[in-house]
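Student: I am new to this one and would like to learn how its features get their names. Could you show it to me and explain what makes each label fit?

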Amino acid sequence: MPPLVNEEQCVGCGICIEICPLDVLKRENDKTIVKYPEECWHCRACVMDCPRQAITIRYPLSHMMLHMDAPNVQRGNEQ
């Protein structure tokens with residue numbers, strides 16, 4: 001699933017375009033668009049670096065089913 005850009009929140013700073021390792025996002029007609037959605041690796045670089053939180057990622061079901069929480073590193077394996 002490709003990233004989703006919320007046009008109302010996006011200010012067009014271009015950080016997401018610069019940070020994307022696969023050039024999935026592009027600028028066209030003063031809008032940030034997902035040009036190559038099939039190339040997205042779901043790395044979340046665009047989501048983490050967007051200053052306006054204008055990008056969200058929809059994960060494929062196979063990615064969501066493999067999610068596991070890691071133990072709290074600061075406290076060790078305490079529960």
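Student: Let me start with Cys43. Which cysteine sulfur is closest to the sulfur of Cys43, and how do you know whether they bond?

Tutor: The closest one belongs to Cys20, at 6.2 Å from the sulfur of Cys43. A disulfide is a pair of cysteine sulfur atoms within 2.5 Å, so at 6.2 Å Cys43 is too far away for a bond. Before we go on, note that this is a predicted model, where local features need pLDDT of at least 70, side-chain atom pairs count only at pLDDT 80 or more, and totals for chains, interfaces and linings use all residues. Residues are numbered from 1 along each chain as its sequence is written, and side-chain values use heavy atoms, leaving out hydrogens and water.

Student: What about Cys13: why is there no bond for that sulfur?

Tutor: The closest cysteine sulfur to Cys13 is in Cys50, and the gap is 6.0 Å, so this is too far for a bond as well. By the disulfide rule, the count comes to zero.

Student: What makes Cys13 and Cys43 "partly exposed"?

Tutor: Buried means under 20% relative accessible area, exposed means over 50%, and partly exposed is in between, using a 1.4 Å probe and protein chains only. Cys13 has 45% and Cys43 has 42%, so both values fall in between.

Student: How do you know that Arg27 belongs to a strand, and which strand is that?

Tutor: Strands (E, at least two residues) and helices (H or I, at least four) are DSSP runs, numbered from the N terminus. Arg27 is found in strand 2, residues 25-28. Thr32 lies in strand 3, residues 31-34.

Student: Why are strand 2 and strand 3 called a pair?

Tutor: Two strands pair if DSSP finds at least two bridges between them. Here four bridges join them, so they qualify, and they run antiparallel. They form a hairpin with two residues between them, and Asn29 in the turn has a positive phi of about 50 degrees. Across the pairing, Arg27 stands opposite Thr32.

Student: What makes the link between the side chains of Arg27 and Thr32 a "polar contact"?

Tutor: A polar contact is a pair of N or O atoms within 3.5 Å; within protein, one must be able to donate a hydrogen and the other to accept it, and residues adjacent in sequence count only if both atoms are side-chain atoms. The side chains of Arg27 and Thr32 are joined at 3.0 Å, so the distance is within the limit. Arg27 also has a side-chain polar atom 3.1 Å from the backbone oxygen of Asp30.

Student: Are Arg27 and Thr32 buried or exposed?

Tutor: Thr32 has a relative accessible area of 6%, so Thr32 is buried. Arg27, at 36%, is partly exposed. As for neighbours beyond four places in sequence, where contact means heavy atoms within 4.5 Å, Thr32 touches several residues, including Val5, Cys10 and Leu25.

Student: How do you know that His42 is buried?

Tutor: Its relative accessible area is 14%, under the 20% limit, so His42 counts as buried. His42 sits in the loop between strand 3 and helix 2 and touches residues including Met1, Tyr59 and His63.

Student: Which residues make up the largest nonpolar core, and what makes it one?

Tutor: A nonpolar core is a set of buried Ala, Val, Leu, Ile, Met, Phe, Trp, Tyr and Cys residues joined through side-chain atoms within 4.5 Å. The largest has seven: Cys16, Ile17, Leu25, Cys46, Val47, Ile55 and Ile57. Helix 1 (15-19), helix 2 (45-49) and strand 4 (55-57) each supply at least two of them. Within this group, Val47 touches Ile55 and Ile57. In soluble globular proteins, nonpolar side chains tend to be buried together.

Student: How many salt bridges are there, and what makes them salt bridges?

Tutor: There are two. A salt bridge is a side-chain nitrogen of Lys or Arg within 4 Å of a carboxyl oxygen of Asp or Glu. Glu7 and Lys31 have their closest N and O atoms 3.6 Å apart, so they qualify. That pair links distant parts of the chain, 24 residues apart: Glu7 is in the loop between strand 1 (3-5) and helix 1, and Lys31 is in strand 3. Lys35 and Glu28 come to 2.7 Å, so they qualify too.

Student: Why is Glu7 called exposed, and what is Lys31 called?

Tutor: Glu7 has 52% relative accessibility, which is over 50%, so Glu7 counts as exposed. Lys31, at 42%, counts as partly exposed.
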